[in-house]
Amino acid sequence: PIHESHSHSVSSLSVDARSLQKQIDELATFSDTPAPSVTRILYTEKDVLARRFIKNLMGLSGLSIREDAVGNIFGRWEGSEPELAAIATGSHIDAIPYSGKYDGVVGVLGAIEAINTLKRSGFKPKKSLEVILFTSEEPTRFGISCLGSRLLSGVEELAKALKTTVDGQNISFILAARSAGYAEEKDDFYSVSLKKGSYSAFVELHIEQGPILEKEGIPIGIVTAIAAPASIKVEFEGNGGHAGAVLMPNRNDAGLAAAELALAVERHVLESGSIDSVGTVGILELHPGAINSIPSKSHLEIDTRDIDEERRNIIIEKIRQSASAIAKNRGVRLTEFKIVNQDPPALSDKSIIEAMEAASKELNLTHKKMISRAYHDSLFMARVSPMGMIFIPCYKGYSHKPEEYASIENISNGVKVLAVTLAKLSQG
Ligand code: HGY
Ligand code: MN
Ligand code: MN
Ligand code: MN
């Protein structure tokens with residue numbers, strides 16, 4: 001077994017790369033947009049089919065499956081000392097519109113394959129091993145990122161807010177969740193939160209979503225920290241009117257206020273002077289959205305992040321001041337300025353970093369310590385468990401677009417490092 005003779009057991013680990021690639025390709029077909037793009041939105045028919053696919057694989061791997069009220073899925077391999085806090089791994093399978101097939105997926109299918117690999121090698125865990133599929137890591141449908149892991153980490157405001165949350169089509173979270181077979185009772189959301197100490201470690205495998213590993217030819221990234229994300233919703237309202245008849249001095253154009261604010265976001269981010277500060281206006285909607293009608297309403301959603309939380313908060317404050325000033329200057333109303341989330345960064349756990357480093361060394365894979373600029377469910381799992389993340393290279397660092405790609409060799413290396421890390425932590 002792995003804990004007695006590392007060199008022997010490491011050489012006995014073999015990832016079934018062919019099956020894993022087949023699973024990745026098949027999962028990608030559960031999409032609402034044509035290949036090579038993937039679009040898989042929370043609680044849609046495609047999401048339900050994809051969940052069924054994953055649960056089936058978990059069953060084939062001999063895992064016992066549990067689902068909570070929002071559809072976080074847990075597949076457990078019971079250890080020889082099942083009363084000890086388990087070691088967990090996992091990621092998400094939801095995919096933002098027109099994205100790729102590896103973001104999140106590698107950390108779910110890869111986790112199941114890591115378990116299979118350990119089983120084939122004859123390994124027997126002491127602490128139980130658990131694969132988690134997190135619900136809605138992406139904020140696409142209800143505007144809230146890491147929905148499942150946020151609830152698991154015990155964010156009670158969210159459990160409360162979900163009772164009245166609706167999507168862009170005015171479908172309530174509860175109805176959407178029920179259509180997928182979850183949220184049987186309204187108060188179930190409080191039950192999602194994990195008891196402290198439920199897990200003694202959480203490790204997530206993920207594509208880097210950045211160019212560093214590929215550029216430097218390093219197969220394994222070991223994440224030391226996850227940058228602090230925030231998102232803001234803004235709405236401006238003006239009088240609108242006829243695009244020909246209303247003269248320029250008499251307008252208060254809500255669309256131009258939005259345009260100005262989008263540029264202000266860029267300016268405030270650049271003013272931080274740090275390459276680690278980023279800001280994006282990924283949603284900008286104009287109402288009524290007709291070429292010959294002055295926008296009477298505009299809606300922006302702003303994403304801003306930094307590895308330094310304080311610096312990120314200063315940017316948020318500047319955006320707030322700009323939104324007010326722009327509204328005043330243009331005679332529009334700032335009808336909403338809502339900080340949807342303003343999360344702190346997370347640090348990986350030292351002993352998990354050491355386990356991941358040791359695993360990479362035993363597998364003869366070079367590694368590099370790095371930060372994660374993207375957020376992950378690990379950001380929230382870090383609140384209830386020691387956390388670590390393994391990155392693998394992806395083509396040109398592409399992500400959140402159809403060109404996203406990771407080679408099966410790199411994925412298999414990541415699975416091996418994950419398997420050995422889980423084995424070490426399980427015996428520890
Ligand atoms: O946006 C993020 O960082 C993640 O990929 N959802
Ligand atoms: Mn993503
Ligand atoms: Mn992801
Ligand atoms: Mn709106």
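## Helices, strands and a cis proline

Helices (H or I, at least four residues) and strands (E, at least two) are DSSP runs that are numbered from the N terminus. With that naming in hand, and keeping in mind that this is a predicted model, we can place Pro36 in the loop between H2 and strand E1, which covers residues 38–40. The peptide bond that leads from Ala35 to Pro36 is cis, and its omega is near 5°.

## Two domains

According to the domain assignment, the chain has a domain 1, made of residues 6–227 together with 345–427, and a domain 2, made of residues 228–342. The C-alpha centres of domain 1 and domain 2 are 33 Å apart. Where the two domains touch, domain 1 contributes ten residues and domain 2 contributes nine residues. Sorted by class, the side of domain 1 that touches domain 2 consists of seven nonpolar residues, two polar ones and one charged one.

## Helices H2 and H13

Helix H2 spans residues 17–28 and helix H13 spans residues 408–427, and their axes come within 10 Å of each other while crossing at roughly 110°. Because angles of 65 to 115 degrees count as roughly perpendicular, H2 is roughly perpendicular to H13.

On the H2 side the contact involves Ala17, Leu20 and Gln21, which meet Ile408, Ile411 and Ser412 in H13. Among the residues of this contact of H2 with H13, four are nonpolar and two are polar, while no charged residue takes part.

## The sheet and the helix across it

Strands of a sheet pair through backbone hydrogen bonds, and the pairing can be either parallel or antiparallel. Here, an open sheet of four strands follows the order E11-E13-E9-E14, and its pairing is antiparallel. Strand E11 (278–287) and strand E14 (333–342) are the edge strands, each of which pairs on one side only. From one strand to the next, the twist averages 15°.

Looking at one pair in this sheet, E11 and strand E13 (residues 297–306) run antiparallel and are joined by nine bridges, and Glu285 stands opposite His299 in E13. Helix H9, formed by residues 254–271, lies across strand E9 (228–237), E11 and E13, and runs at about 10° to E13. In the loop between E11 and strand E12 (293–294) we find Pro288, and the peptide bond from His287 to Pro288 is cis, with omega near 0°.

## Around ligand 1

The residues that surround ligand 1 are Asp103, Glu137, Glu138, Ala374 and Tyr375. By class, this shell around ligand 1 holds three charged and two nonpolar residues, and no polar ones.

A further backbone detail concerns Ser136, which is not a glycine and nevertheless has a positive phi of about 50°. The loop that holds Ser136 runs between strand E6 (129–134) and helix H5 (147–152).

Methods: Residues are numbered from 1 along each chain as its sequence is written. Chains are lettered from A and ligands numbered from 1 in the order in which they are written. This is a predicted model: local features need pLDDT of at least 70, side-chain atom pairs count only at pLDDT 80 or more; totals for chains, interfaces and linings use all residues. Axes are lines fitted to C-alpha atoms, for helices over the stretch in contact, and angles run from 0 to 180 degrees between N-to-C directions. Angles under 35 degrees count as roughly parallel, over 145 as roughly antiparallel, 65 to 115 as roughly perpendicular and the rest as oblique. Two residues are in contact if their C-beta atoms, placed from the backbone, lie within 7 Å. Ala, Val, Leu, Ile, Met, Phe, Trp, Tyr, Cys and Pro count as nonpolar, Asp, Glu, Lys and Arg as charged, and the others, Gly among them, as polar. Domain bounds come from an automatic or database domain assignment. Two strands pair if DSSP finds at least two bridges between them. A residue is near a molecule or strand if its C-beta atom, placed from the backbone, lies within 6 Å of it.
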